[in-house]
Amino acid sequence: MFKRRSPYRERKASSGVPVVALLLFLALSGAVVWFFMKDLTGPSVVMDPPHSGRMGVSQVVRLSMDDKSGIRSVTVTVRRGDKSMVVLKDKFSKMEPHREAQFSLKDTQLPEGAFELEIKVQDGSFDGFGFGNTTTLRLAEVLDAHPPQIAVKSWPQVVRRGGAGMIAYTVSEEVASTGVKLGGTLFPSFRNGNGYVCLFPFPFGMKPGEFFPEVMARDLAGNVTSSRLPIRAANRTFRADTLRIPESFLNFKAAELAQICPEKSTPLEQYLCANSKERLTDDAKLIEVAMEKGNVSPLFLWNGRFLQLPKSAVKARYGDLRTYVDDARQKIDEQTHMGLDLASVARADVPASQSGRVVWTGYLGIHGNMILIDHGMGLMTQYSHLSEIGVRPGDAVQAGQIIGKTGTTGLAGGDHLHFGVLIWGYPVEPLEWLDPKWIKNNITDRVSAPL
Ligand SMILES: [Zn+2]
């Protein structure tokens, strides 16, 4: 039998269920929003330098604090036995999500030895009966007021301008950083046995009266020792050279020059721009590649001598002062040449001078197609003006392995290889590295001598 449904019931069923569902949905989503929006955790606190268990008297510790409800206050207390002292107390009236603060132990007159450091940071939420959430770090520290002791075990008596130096030394305690400081730059050291070795350049652009290398070590407590190395700086005379830039060369290079310096209109202007401005950009790029994390191996990847391009004649040397003249013999520019120009047959095979790892390949301004190989501890070789590149960054190469072909790319007149040796990106005298006796006396004996 057919049963007819009441219209009343029908209507209730169609409108009542959605209302209940809607209320349920609202209540549930409200709970979800409340749950996720509510700030239940204390601020994140990052220390710089990070906690190492050792602190120095004058070391400044920076705190970086973050919380979505804002930072309300920070208190840093030092405790030793039953004595305590507040070294930092900041209360902020405006709740900002990121705050920074710093402290040191300079005014604590804390004696050397163990103490507790308490860092308390409150957020701006209404949790905890309106006091907010608190992050409390209680750190066991040791106050260390003694700078590390450095014992230099071997060093070169003389470093020539444009050359390289290496020292071997020990440090009395664990270090946060160590190396050779020279003219505001720190050349990092690497672990070698029980000590350290550091390879550093006497940059060409530095005068002997400015060459005062210092060995530096900073311990985990921030105490620093720095001492002048007893190394004599030797000046040397470099050769002078005249390079004619004929109109035909500018025409031959027109397309490439226009690409390097598109802002200049004539080929000569573009050439001069490439030779000066682009040269500086390229120099900076070499240092940038060397300083990039992961590009420098902490160990030497080679042994023995560095190879010269086979059957090649040296066409230009490191440090040559080049006067550029035009067809009318008028001086148009002057630059210093920072490598060896080696000429063989056109498109000659270029072998890796030593074993290492390729860290950069590509086109770089005046160098044209270029390869950089890392040999470890900041030492790299450079191969410029190539017509072909046969390796890729990351490739491990053996001494003598063919990596490309010579060419004329970049600011090269005839087919040749510009071979550079770089220390942390600074070009140094390649002839030192082609001399097995120099390498043995100045580098490998220093690395292999046990400390
Ligand atoms: Zn060159």
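**Entry 1: domains**

I began with the domain assignment of the protein, which gives domain 1 as 44-143, domain 2 as 150-234 and domain 3 as 240-429. I keep in mind throughout that this is a predicted model.

I then looked at how domain 2 and domain 3 stand to each other, and I noted that their C-alpha centres lie 28 Å apart, while 11 residues of domain 2 are in contact with 14 residues of domain 3. Which element gives the largest share of the side of domain 2 that touches domain 3? I found that it is strand 13, residues 195-201, which supplies 4 residues. Sorting that side of domain 2 by class, I wrote down 9 nonpolar residues, 2 polar residues and no charged residues.

**Entry 2: the protein as a whole**

I looked up the secondary structure next and found 6 helices and 30 strands in the protein. The radius of gyration is 33 Å, whereas the globule rule gives 22 Å for 451 residues, and because the value is well over that figure I recorded the protein as more spread out than a compact globule. For the overall extent I noted that the C-alpha atoms fill a box of roughly 105 × 85 × 45 Å, taken along the principal axes.

I also checked burial, and 36% of the 451 residues count as buried. Among contacts between residues at least 6 apart in sequence, 67% join residues at least 24 apart.

**Entry 3: strands 1, 3, 4 and 5**

I turned to the pairings of strand 3, residues 61-80, and started with strand 1, residues 44-48, which pairs with strand 3 in the antiparallel sense over 5 bridges; here the bridge partner of V46 is S64 in strand 3.

How many bridges join strand 3 to strand 4? I recorded 15, with strand 4 covering residues 83-103 and the two strands running antiparallel, and I noted A101 in strand 4 as the bridge partner of L63. Strand 3 and strand 4 form a hairpin with 2 residues between them, and G81 in the turn has a positive phi of about 60 degrees.

Strand 3 is also joined by 8 bridges to strand 5, residues 113-123, again as an antiparallel pair, and I found T77 opposite E118 in strand 5.

**Entry 4: the sheet with strand 13**

I went back to strand 13 and found this strand in an open sheet of 4 strands, whose order is 7-9-13-12 with antiparallel pairing. Strand 7 (150-154) and strand 12 (190-192) are the edge strands, each pairing on one side only, and the twist averages 40 degrees from one strand to the next. Between strand 12 and strand 13 I counted 3 bridges in the antiparallel sense, with F190 standing opposite V197 in strand 13.

What packs on this sheet? I noted helix 6, residues 436-448, which touches strand 7, strand 9 (164-171), strand 12 and strand 13, and whose direction makes about 20 degrees with that of strand 9.

**Entry 5: an open sheet of 3 strands**

My last look was at an open sheet of 3 strands with the order 22-28-26 and antiparallel pairing. Strand 22 (349-351) and strand 26 (388-389) stand at the edges with a single partner strand each, so one side of each is left without a neighbour in the sheet. Strand 26 is joined by 2 bridges to strand 28, residues 402-405, and the two run antiparallel; within this pairing I recorded G404 in strand 28 as the bridge partner of I389.

Notes. Residues numbered from 1 in each chain as written. Predicted model: local features only at pLDDT ≥ 70, side-chain atom pairs only at ≥ 80, totals over all residues. Domains from an automatic or database assignment. Contact = placed C-beta atoms within 7 Å. Nonpolar A, V, L, I, M, F, W, Y, C, P; charged D, E, K, R; others polar. Rg over C-alpha atoms; globule rule 2.2 N^0.38 Å. Buried ≥ 20, exposed ≤ 12 C-beta atoms within 10 Å, placed from the backbone. Pairing = 2+ DSSP bridges. Axes fitted to C-alpha atoms, helices over the stretch in contact; angles between N-to-C directions.
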